[in-house]
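User: Can you walk me through the spaces inside this protein and the place where its chains touch?

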Amino acid sequence: MLIKVKSVSFFGLDVIGVDVEVNIASRGLPSFDIVGLPHKSIDESRHRIKAAIQNSNMEFPNKKITVNLAPADIHKEGSFYDLPIALGILSLEQGIKIPKGPVFFGEVSLDGSIRHTKGALLVSLYAKENKIGDIFVPVDCAKEAASVDGVNVFGVDSLSDLYEHITGKKQIKPYRFRTNNLGVCKNEITKNTKDFSNDLKNIIGQEHIKRALKICAAGGHNLIMIGPPGAGKTMIARSLISILPPLMQSEAVEVTKIYSLLGKTKAGGALIYNRPFRAPHHTISYTGMVGGGSTPTPGEISLAHRGVLFMDEFSEFPRSVLEALRQPIEDGFVTVSRSRGSVTFPAKFLLVAASNPCPCGYLGHEKIECTCPKSKIQRYRAKLSGPILDRIDIYVGVAPVQKLVFSEYSKSKLTDSSEVRFIISQARKQQAERLIKFGILCNSEMDNNIMKETCILKQDAENLLNMSVDKLNLSARSYFKIIKVAKTISDLDNSGEILINHIAEAIQYRYKPYY
Amino acid sequence: MSKQARVTEIETSSKKYPKNLLKIPDPPEKIYIKGRMVKGEIQALFENCIGVVGSRSMTSYGKRVISSVFAELIKSDITVVSGFMYGVDIESHKNALKYGIKTIAVMPCGIDLINPPGFRYVYDMILESGGLILSEYNGKIPPRRYTYVRRNRIIAGLSKAVLAVEASLKSGTLITADFAQKYNKKIFTIPGSIFSNVFQGNYQLYKKGAEFIISGRRIREFFGLNLGMKDSQYKEKGEERFSNKKTNSNVSKGKNELKPKIYQALLNESMTIDDLEEHLKEPVSKILSNLTFMVLEGLVFEEGGKYNANKS
């Protein structure tokens with residue numbers, strides 16, 4: 001007796017259809033084998049399934065059971081084959097018919113319940129693409145999977161639930177969102193983006209860096225902050241998230257896909273509308289940052305996709321890790337090639353780097369003496385220079401906060417992140433309208449040709465820029481970076497062209513060897 | 001460039017030998033000098049020497065002190081003697097060159113060795129400007145711990161006065177100052193924050209009889225030079241210059257009332273952009289763009305993340 005149940009297999013973010021073939025032989029010694037290049041996690045599912053079926057008050061057949069995961073020549077990994085295998089055995093044993101179309105997906109627990117399983121969103125995207133109408137996923141993943149239109153998502157609570165559904169005793173209803181007329185589940189967005197632990201209103205004073213943050217958020221410019229310890233660099237970086245506009249539906253899907261693949265979505269959660277904030281420690285390995293492993297998994301840069309990658313102690317990161325960032329910053333994705341094949345992960349992030357001016361942190365400090373030998377400082381700096389700095393548009397020195405009492409004036413200037421977010425969304429909208437024909441969305445993505453077409457400098461602004469090139473020894477590269485940043489400033493100003501004061505301000509954000 | 005300069009060997013018996021140096025108890029028997037000067041000039045060069053010494057790891061405050069003091073010694077007959085090391089030493093040489101002051105670098109190593117090698121450009125500039133490289137060691141002898149101390153004695157010996165810019169306790173600066181005291185030379189030092197490590201040594205020097213100075217005027221006075229302008233005149237000059245700039249400037253047309261306010265604020269103390277923002281209560285974007293204009297006009301300069309008014 002043979003039955004085929006549909007399921008899937010993941011390779012990176014790609015999903016491949018897999019047939020789970022279950023055969024119960026009428027003769028032969030009792031046994032239970034799974035073939036088709038299963039990973040250890042699949043091999044172990046035999047024990048889970050047996051216990052789960054027995055604990056659901058059903059009979060586990062004492063016969064020779066063979067399971068094949070076809071196609072048999074690709075490696076398979078993950079605990080989600082439990083459900084299709086268990087279902088195949090039950091149907092053969094009990095003689096019930098399973099519908100041929102749907103995909104089954106989920107890890108079973110020993111008590112027969114179905115656990116939250118990673119990758120549910122990918123399954124429903126696969127189903128949509130391949131016009132598979134129904135999918136059965138764990139009930140905790142139903143909301144996540146149902147974020148994709150046009151797929152009926154059945155949330156399965158337990159093995160016996162599913163059994164009753166198939167035999168027609170008790171129906172499971174497909175999961176439905178209550179959505180507003182835009183097709184977006186409204187309460188999801190507001191709930192997720194409303195409260196940020198690091199709101200801009202918590203930062204008193206520091207208007208300089210706040211202004212830089214706004215520009216960086218508006219134009220998608222990468223940012224580097226240099227300053228002594230205790231200047232509030234980390235807190236500032238965290239608040240950047242709160243002023244970025246919330247993710248669009250398509251972006252949210254991209255982000256959730258990555259998190260779903262790694263099992264980082266919440267049980268019972270829907271799409272992630274919050275922009276991710278990733279702050280890897282500087283001891284991170286190359287693989288941890290870029291992604292990798294024998295079956296490639298995404299790294300920090302992909303987890304920061306559409307969000308912020310904050311690299312504190314930027315100069316302390318291994319050189320190889322810093323160099324590896326270059327290509328993804330440029331392209332917005334990273335390709336990881338391993339012996340089992342190569343996988344592409346998206347990696348479009350906003351880089352926020354923070355560094356001390358020297359290893360001890362006090363170089364150029366007003367009152368505290370720097371204790372670093374010069375050679376050490378040079379080595380420290382050497383990491384900052386070079387190609388990675390080319391990709392950072394905004395450079396700000398952060399002074400330490402030395403007062404505990406703030407003036408009424410600076411307190412009165414506090415703005416809520418939500419207000420700032422609105423202004424930034426407007427500026428981003430303008431950019432998108434202007435740049436969409438070039439296939440980009442932000443000012444930071446402009447190349448020189450696009451800049452020539454879209455950035456109109458007023459005559460006096462151009463004079464000022466040319467004069468600065470001379471007087472301040474600007475390189476050709478910083479020349480173009482200044483125009484890019486000035487364009488963002490003019491967008492924030494709602495001005496069609498770049499005015500002289502936009503250029504003048506942008507010049508202040510160029511890279512300056514600090515001390 | 002440095003290859004062209006010939007090394008001259010001067011013995012104690014020579015007329016060229018600096019007289020001040022002869023007066024110390026253990027003058028070097030031979031000194032080696034490198035430089036291009038016409039005969040006779042060399043004696044003038046050794047005439048009015050001031051040794052400038054200080055910490056290798058200088059604070060931005062120390063850097064400003066050097067710049068501000070040297071600005072008042074501009075194109076005088078004073079010669080700045082220092083030790084060609086990181087920090088205060090190299091900053092002194094650089095500022096001397098910037099303000100057209102003659103400078104002598106006393107090396108702790110052989111006359112043909114440039115140490116630290118990263119400062120070759122300063123080395124060449126010193127030679128080009130008509131300054132001197134001086135050492136009591138020939139060839140390419142590398143520096144040793146003790147040679148630094150020996151060098152300090154030459155710096156103190158050559159000079160009529162020594163300016164200790166930033167001295168931590170147990171620093172080479174204090175060693176030089178000790179020599180200077182033994183040789184009965186005048187010692188100047190600068191006041192600083194009581195919380196600063198690099199000021200502790202200064203205070204110790206003060207207790208031993210060093211004099212605190214707050215501008216280059218006192219040094220001019222000591223060397224018997226004309227006194228130049230008073231501090232208040234500098235301020236006026238700055239303002240005058242500012243108003244001239246404002247009208248002549250081709251970058252900033254039209255009325256702009258923020259710039260004089262920024263300048264005024266910076267005259268009193270150096271400020272970060274955040275300080276300025278709080279002081280002037282104007283948007284940061286406005287302050288930033290105005291600062292760009294002012295930097296280009298030479299009215300202000302940035303250092304260590306702080307803006308300063310350009311008084312000179």
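Analyst: We will go through the cavities, then a pocket, then the interface; keep in mind that this is a predicted model.

User: OK, how many cavities of 30 Å³ or more are there?

Analyst: There are three of them in the structure.

User: What volume does the largest cavity have?

Analyst: About 80 Å³.

User: Which residues line the largest cavity?

Analyst: Early in the numbering you meet A:Ile224. Then come A:Leu389, A:Ile392, A:Asp393 and A:Tyr395. The lining also includes A:Ser478, A:Lys481, A:Ile482 and A:Val485. A:Tyr509, A:Arg510 and A:Tyr511 complete the list.

User: Which helix gives the largest share of that lining?

Analyst: Helix α21 of chain A, residues 476-492. It supplies four residues.

User: And how does the lining of the largest cavity split by class?

Analyst: Eight residues are nonpolar, one is polar and three are charged.

User: Let's switch to pockets. How much space lies in the second largest pocket?

Analyst: About 1200 Å³. Its lining has 38 residues. The closest to the centre are A:Gly220, A:Lys348, A:Cys442, A:Ser444 and A:Glu445.

User: Which elements give two or more residues to that lining?

Analyst: In chain A, they are α14 (326-331), α18 (417-435) and α21. You have met α21 already, in the lining of the largest cavity.

User: What classes do the residues of this pocket lining fall into?

Analyst: The lining of the second largest pocket has 15 nonpolar, seven polar and 16 charged residues.

User: New topic: the two chains. How many residues are in contact?

Analyst: On chain B, 35 residues; on chain A, 32.

User: What area is buried between them?

Analyst: About 3000 Å² between chain B and chain A. Carbon and sulfur atoms give 58% of that.

User: Why quote an area at all?

Analyst: The accessible area lost when parts come together is often used to give the size of an interface.

User: How many salt bridges and polar contacts cross between chain B and chain A?

Analyst: The rule finds zero salt bridges. It does find seven residue pairs in polar contact, with both residues at pLDDT 80 or more.

User: Which parts of chain B touch chain A?

Analyst: The elements giving two or more residues are α3 (60-71), α8 (197-207), α12 (273-280), α13 (284-296) and β11 (306-309) of chain B. The largest share comes from α13(B), with nine residues.

User: And the classes on that side of chain B?

Analyst: There, 12 residues are nonpolar, 14 are polar and nine are charged.

Technical notes. Residues are numbered from 1 along each chain as its sequence is written. Chains are lettered from A and ligands numbered from 1 in the order in which they are written. This is a predicted model: local features need pLDDT of at least 70, side-chain atom pairs count only at pLDDT 80 or more; totals for chains, interfaces and linings use all residues. Side-chain values use heavy atoms; hydrogens and water are left out. On a 1 Å grid over the protein atoms alone, a cavity is a set of points where a 1.4 Å probe fits but cannot get out, and a pocket is an open set with protein on both sides within 12 Å along at least five of seven lines; lining residues have an atom within 4 Å of a point. Grid points are joined across faces, edges and corners, and a volume is the space filled by probe spheres set on the points. Ala, Val, Leu, Ile, Met, Phe, Trp, Tyr, Cys and Pro count as nonpolar, Asp, Glu, Lys and Arg as charged, and the others, Gly among them, as polar. Contact means heavy atoms within 4.5 Å. Buried area is the accessible area (1.4 Å probe) that two parts lose on being put together, summed over both. A salt bridge is a side-chain nitrogen of Lys or Arg within 4 Å of a carboxyl oxygen of Asp or Glu. A polar contact is a pair of N or O atoms within 3.5 Å; within protein, one must be able to donate a hydrogen and the other to accept it, and residues adjacent in sequence count only if both atoms are side-chain atoms.
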